[in-house]
Amino acid sequence: MSGHSHPSCKIGPSILCADLSCLADECRRMMQSGADYLHLDVMDGHFVPNLTFGHPIVKCLRPKMPDVYFDMHMMVQNPEKWVESMADAGANQYTFHAEACEDIPTLCRKIQESGMRVGVGLKPGTPVETILPYSDLFDVVLIMTVEPGFGGQSFMEDMMSKVQYLRTNFPYLDIEVDGGVGPSTIDVCAEAGANMIVSGTAITGASDPSQVIALLRNSVENAIQKSQLER
Ligand code: DX5
Ligand code: ZN
């Protein structure tokens, strides 16, 4: 797994449940509220029972916010199919699902060669062991804390054992959590060792998103500080 410094806290709002007819405005609102990156959920109606958007939208969004880090959460079958188009559209991270991929190492290399960071996502039922043989090939592991497909679902706390396992064995890995993460569930994520925090409805639905982002950041930064003191 790449990276040789302790992973820092990054908050990535998911705009899935925001007003998608004003996508650029919603994305700007998130960045102005203190987000570190944007988590963009791509759904194909096959891997998950829902549809969102694909690379043409990302390509239109990119010139409106040239410096923002786009994490593409690819909830699609055949994730190898969209690597070039997403790279061309300006994506920074390509997070595919291990369950949707037949040849994980080849896909990881393809993503890396296209200039994007490599993320591997695991649905709640998929054990971390599935991806351990390829640990040198990815930059981020995304632990889903809901079944992918919809925003606003309840957080699955039992996924924290996956986060803990990864943090213990891969101290420099970026570990991302996604699904039901908000003020009431951030502390367990932070303590387990997650450092990339995706949060949808808790941020986009808040009357003051900047307050929620600050609260999430505070929890993660405290946990990182605590773990460094314990070393
Ligand atoms: C769910 C998506 C999430 C979703 C999170 O399949 O991957 O990114 O938007 O939304 P909340 O935080 O509301 O669960
Ligand atoms: Zn997501």
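In this predicted model, the charged end of R62 sits over the ring of F70, 3.9 Å from its centre. R62 itself belongs to the loop between α2 and β3. With a relative accessible area of 13%, R62 falls under the 20% cut-off and so counts as buried. For a sense of scale, take R62 and N195: they are 133 residues apart along the chain, and 25 Å separates their C-alpha atoms. There is another charge-over-ring arrangement to look at, where K123 lies over the face of F47, at 5.0 Å from the ring centre.

Staying with rings, how many aromatic pairs does the structure hold? Just one. The partners are Y37 and Y69, with ring centres 6.1 Å apart and planes at 90 degrees, so this is an edge-to-face pair. Y37 comes from the loop between α1 (23-32) and β2 (38-43), while Y69 comes from the loop between α2 (55-61) and β3 (70-75), so the pair ties together parts that are 32 residues apart in sequence. The loop between α2 and β3 is also where R62 lies. Buried or exposed: what is Y37? Its relative accessibility is 1%, so Y37 counts as buried. Y69 is a bit more nuanced: a value of 22% makes it partly exposed, because buried requires under 20%.

Now for the metal. The zinc ion (ligand 2) takes its protein donors from H39 (NE2), D41 (OD), H73 (ND1) and D178 (OD), and they lie 2.1 to 2.2 Å from it. Along the chain, these donors follow the spacing H-x1-D-x31-H-x104-D. H39 sits in strand β2 and H73 in strand β3, so this pair ties together parts that are 34 residues apart in sequence. Both histidines are well out of reach of the probe by the numbers: H39 has a relative accessible area of 0%, so it is buried, and H73 is buried too, likewise at 0%.

What about the geometry of the zinc site? The site is octahedral, with six donor atoms and angles of 73 to 174 degrees among them. Why does that spread still qualify? The label needs opposite donors over 155 degrees apart and all other angles between 65 and 115, so some departure from perfect right angles is allowed. The ideal values for six octahedral donors are 90 or 180 degrees.

D178 leads straight on to the other ligand. Ligand 1 is surrounded by 20 residues, and the closest are S14, G149, D178, G200 and T201. Besides giving a donor to the zinc ion (ligand 2), D178 has a polar side-chain atom 2.7 Å from an oxygen atom of ligand 1. What does T201 bring to ligand 1? An N or O atom in the T201 side chain lies 2.6 Å from an oxygen atom of the ligand. With G200 it is the backbone that takes part: a polar backbone atom of G200 is 2.8 Å from an oxygen atom of ligand 1.

A few other spots are worth a visit. E26 lies in helix α1, and with a relative accessible area of 13% it is buried. A polar atom of the E26 side chain lies 2.9 Å from the backbone nitrogen of D19. Then there is N78, in the loop between β3 and α3 (83-89). Its phi is near 50 degrees, a positive value in a residue other than glycine. The relative accessibility of N78 is 40%, so this residue is partly exposed.

Finish with two buried residues and how they are placed relative to others. M144 is in strand β6 (residues 140-144) and is buried, with a relative accessible area of 2%. From M144 to S207 you cover 63 residues in sequence and 26 Å in space, C-alpha to C-alpha. V220 is found in helix α8 (residues 209-230), where it is buried with a relative accessible area of 1%. The C-alpha atoms of V220 and E99 are separated by 28 Å, and the two residues are 121 residues apart along the chain.

Definitions and conventions. Residues are numbered from 1 along each chain as its sequence is written. Chains are lettered from A and ligands numbered from 1 in the order in which they are written. This is a predicted model: local features need pLDDT of at least 70, side-chain atom pairs count only at pLDDT 80 or more; totals for chains, interfaces and linings use all residues. Side-chain values use heavy atoms; hydrogens and water are left out. Rings of Phe, Tyr and Trp (its six-membered ring) pair if their centres lie within 6.5 Å; planes under 30 degrees apart count as stacked, over 60 as edge-to-face and the rest as tilted. Helices (H or I, at least four residues) and strands (E, at least two) are DSSP runs, numbered from the N terminus. Buried means under 20% relative accessible area, exposed over 50%, partly exposed in between (1.4 Å probe, protein chains only). A charge sits over a ring if NZ of Lys or CZ of Arg is within 6 Å of the ring centre and within 35 degrees of the ring normal. Donors are N, O and S atoms within 2.8 Å of the metal (3.2 Å for Na, K and Ca); water is not among the atoms, so sites may look incomplete. Four donors count as tetrahedral if all angles lie between 85 and 135 degrees; four count as square planar and six as octahedral if opposite donors are over 155 degrees apart and all others between 65 and 115; anything else is irregular. A residue is near a molecule or strand if one of its heavy atoms lies within 4 Å of it. A polar contact is a pair of N or O atoms within 3.5 Å; within protein, one must be able to donate a hydrogen and the other to accept it, and residues adjacent in sequence count only if both atoms are side-chain atoms.
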